[in-house]
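This report describes a single protein model for a reader who is new to structural work. Please keep the sequence and the structure in view while reading.

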Amino acid sequence: MLVLFETSAGYAIFKLLDENKLKNVSDLYSHFESPEATTKIIKLKHFQKFDDTTEALASAASLIEGKLCKSLKKVIKSHVNSSDSLMVADPKLGAAIKEKFNISCVSSSSAADLLRCIRSQFENLLVGLPKKDLTAMSLGLAHSLSRYKLKFSPDKIDTMIVQAIGLLDELDKEVNNYIMRCREWYGWHFPELGKILTDNLEYVKTIKTLGMRENAKSIDLSSILSPALEDQVKTAAEISMGTEIAEDDIQHIVQMCDEILDISTYRASLSDYLKSRMMAVAPNVTVLLGDLVGARMLAQGGSLVNVAKMPASTIQLCGAEKALFRALKKKHDTPKYGLIYHSSLVGRATAKVKGRMSRMLAAKVALAARFDAFGESETINLDLGTNHLANLEYKLRLMEEGSMTRISGTAKAKAKFEKYQVKREIVQYSAAADSTIPSNKRKIEDADIKEEYSEAAIKKDIKQEPEGQQPPKKKKKKNKDQTNGEDKSINNGADISVKSEQESILTEEQTPKSKKKKKKRELQEESVTEENVVGMYGLFNVISYYYSRGHENWRVTDAIQAVKSSNEFLNG
C-alpha cells in the first residue's frame, strides 16, 4: 500500500511496510517516536518538489477544491501502478484519482492518524531538504494562499458594489447642491434663463457658452438648445431685469459649471461600471430589481451572502427598519415594503396590489440571491431571474385584471382571463305615465274585480241562507221614518233614494201576493250579485248604482244589509 502526502514543498509518496500496525490505531503514535522506529513502518518512495510558488499555489488551490493538478497527475502516473492501493487524506481527491486512473484509494480515520504521525517525522524522512528552506516555503505558500482566498472570496467581490453605490448617492447630492448654487448665483444676472431652461445640464452648458447675457446676440447656441429655446433665450437676454456683474464673477461661475459637468460625466461612467459589476456578481437579482435597487439592497445587507441568508420577509422590509420598529412600538400598522418599493414591478402595480406584489417579488429575490451567491456555474446564467420576472409580470397582469383564478398553477395550467366589459342597459322614460286622463284599461280591471267578488259573495250567501225561509214583512210607515233618519247621514243623493223607496212601497200594495214574493226573490238575487260593488264604492255609490239601473222595488235597508254582508266577507 502507498501513501500520498502533500507538503508545501511538493508531493511525497511513501510505502507502508507493515499494514498490521494500522489495526491498532491507539498505539500507532508509539511507533513514530524515533526516526529509526519510523523507518521500520514506512519508507519514502518518491518526492516531487515544486518549481516555484505559483505551482505550489495552484496545487494547493486544486487540493482544497478536491481536484487533480498537472503536477499531481504526473506523479501518480509515473510512480503508482493500477494494481496498487493509495491512501489519501481527502475523500474527494481519492474519488478523482480513482475516476482518472482507476486506482483504488483509501481514506479513513486510520489514514488520518497515519498521516499525522508522518507529519511529526517528516523532516527526518525527507533527505536533502533543509529545515530552513522548508519553513520558508511553508510561509510563502501560506501568504500566497491567503491572498488567493481574499481575492476570490464571495464576501469581498461585492465590496466594490457597496462602495460604488455609496459614491453614486453622494455624487447625486453634490451635483444637486452645485446646480442649486449655480442657479441662484447666475440668477442675479440673468433670472429669466432659469425659467426657460428646466434641464440642469442644458442650463449649465448654456452658462458656460454664453457668459454675460449681452453676448447672446453673437453666440450660436444651436449645439446645446433647440431653435425654439434658442430664440427664447436671446429674446429674454435683451429685456432681462437682472443686475450687472463683473468679469471675475462670471469666471468663477463658469469654473463651477466646469466642475458640475465633470462630476456629471464621472457619475455616468460610475453608473455604467456599477451596472456591469452587478451583472457579473448578482445577475439574477439585477434582472428582478434593477442595478441601482439591487446594489442598494446589497449595501444594506452588507454583502451578497448576507442577503442570500435573509428570509423573504426581511428582504421585503430591508431599508424600512426604523418604520418597522416605530410601528411595533406604537402598535400601528407595519410597513409593507422598504427598498423594494423602488423596483419597476412594484412601481407599475396599483396601490391596492403593491403590498402583495412586493411580497411575491421579495420571495423571488431571495431565491435569486441564493442562486447568485452559492451557484457553481462559472458563466453568467440569467435563466432563473428571467423566468421569475416573466412569472411575476403575468401575476401582476392577472391581479390588475381582477382575475386570480389558478394563479399558483403550473405553466400548463395558466389562467385564461378576459377583459371585463361593462354592459349598460338604456331605459327610456315612458311619456304615457304623465297623462292624467283615465284609460279604459282601469275600467276593465275594475270590472274583473267586481265579477270575482260577486261570485264569492253568491256562494257564501247560498250556504248561509236556510231553505224555505221567507223574507220578513216590511212595515210601511215605520220603515219610512227609519229610512228618513238614516238618510240624513248620507250624501246628496239620499232624497232620490227615498222617493224611489216610496214608489216601490206603493207598487207593492197594488200587486198581488204571488207577484210580490216573486219580485222579492229577484231583488235578493240582484242584491247578492252586486255586494262586491257595495264593498268597493260604499253606500252612496250603491244607492246611485241601483237608481241608475231603474230598480223600482229597492230600499235603503237592503243597501245597508248588502254593505254589512260584503264587509263580513272581506274581513273573514
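## Overall Organisation

In the protein, 66% of the contacts between residues at least 6 apart in sequence join residues that are at least 24 apart. The model under discussion is predicted. Its secondary structure comprises 27 helices and five strands. Of the 572 residues in the protein, 36% are buried. The protein exposes about 36500 Å², and carbon and sulfur atoms supply 52% of this area.

## The Nonpolar Cores

The largest nonpolar core contains 71 residues, and Y186 and L361 have the most contacts inside it. Helix α13, which spans residues 247-281, gives the most to this core, with twelve residues. At least three residues of this core come from domain 2 (159-270), and at least three come from domain 3 (282-401).

L361 touches L288, L289, I340, S343, L345, V346 and L392, when its neighbours within four places in sequence are left aside. Apart from the largest core lies another core of 22 residues, which includes V3, A9, A12 and L115.

## Cysteines

How many disulfides does a search of the whole structure find? The search finds zero. C257 illustrates the point: the closest cysteine sulfur to its own belongs to C182, at 3.8 Å. Because a disulfide requires the two sulfur atoms to be within 2.5 Å, the distance of 3.8 Å between the sulfurs of C257 and C182 is too far for a bond.

The surroundings of cysteines may also be described by accessibility. C257 has a relative accessible area of 0% and is therefore buried. C105 has a relative accessibility of 24% and counts as partly exposed, since the partly exposed class lies between 20% and 50%.

## Strand β3 and H46

H46 is located in strand β3, which covers residues 42-49. Is this residue buried or exposed? The relative accessible area of H46 is 19%, and the limit for a buried residue is under 20%, so H46 is classed as buried.

Not counting residues up to four places away in sequence, H46 touches Y11, A12, I13, V75 and H79. With one of these residues, H79, there is also a polar contact between side chains, at 3.2 Å. Another of the residues touched by H46, A12, is among the members of the core of 22 residues.

## The Loop at V88

V88 occupies the loop between β4 (85-87) and α4 (91-101). Its relative accessibility is 1%, and V88 therefore counts as buried. Beyond residues up to four places away in sequence, V88 touches L4, G94, I97, C105, V106, S107, A111 and L115. One of these, C105, is the partly exposed cysteine described above.

V88 and S108 are separated by 20 residues in sequence, while their C-alpha atoms are 8.6 Å apart in space.

## Helix α14 and N284

N284 belongs to helix α14, formed by residues 283-289. With a relative accessibility of 0%, N284 counts as buried. Which residue forms a polar contact with the side chain of N284? The partner is D372, whose side chain is joined to that of N284 at 2.6 Å.

Leaving aside neighbours within four places in sequence, N284 is in contact with A368, F371, D372, N381, L382, D383, L384 and G385. In addition, N284 and K364 are 80 residues apart along the chain, and their C-alpha atoms are separated by 9.7 Å.

Key: Residues numbered from 1 in each chain as written. Predicted model: local features only at pLDDT ≥ 70, side-chain atom pairs only at ≥ 80, totals over all residues. Heavy atoms only, no water. Helix = DSSP H or I, 4+ residues; strand = E, 2+ residues; numbered from the N terminus. Buried < 20%, exposed > 50% of the residue type's maximum accessible area, 1.4 Å probe, protein only. Polar contact = N/O pair within 3.5 Å; in protein donor to acceptor, adjacent residues only side chain to side chain. Contact = heavy atoms within 4.5 Å. Areas by Shrake-Rupley, 256 points an atom, 1.4 Å probe, with all protein chains shown as cover. Core = buried A, V, L, I, M, F, W, Y, C linked by side-chain atoms within 4.5 Å. Domains from an automatic or database assignment.
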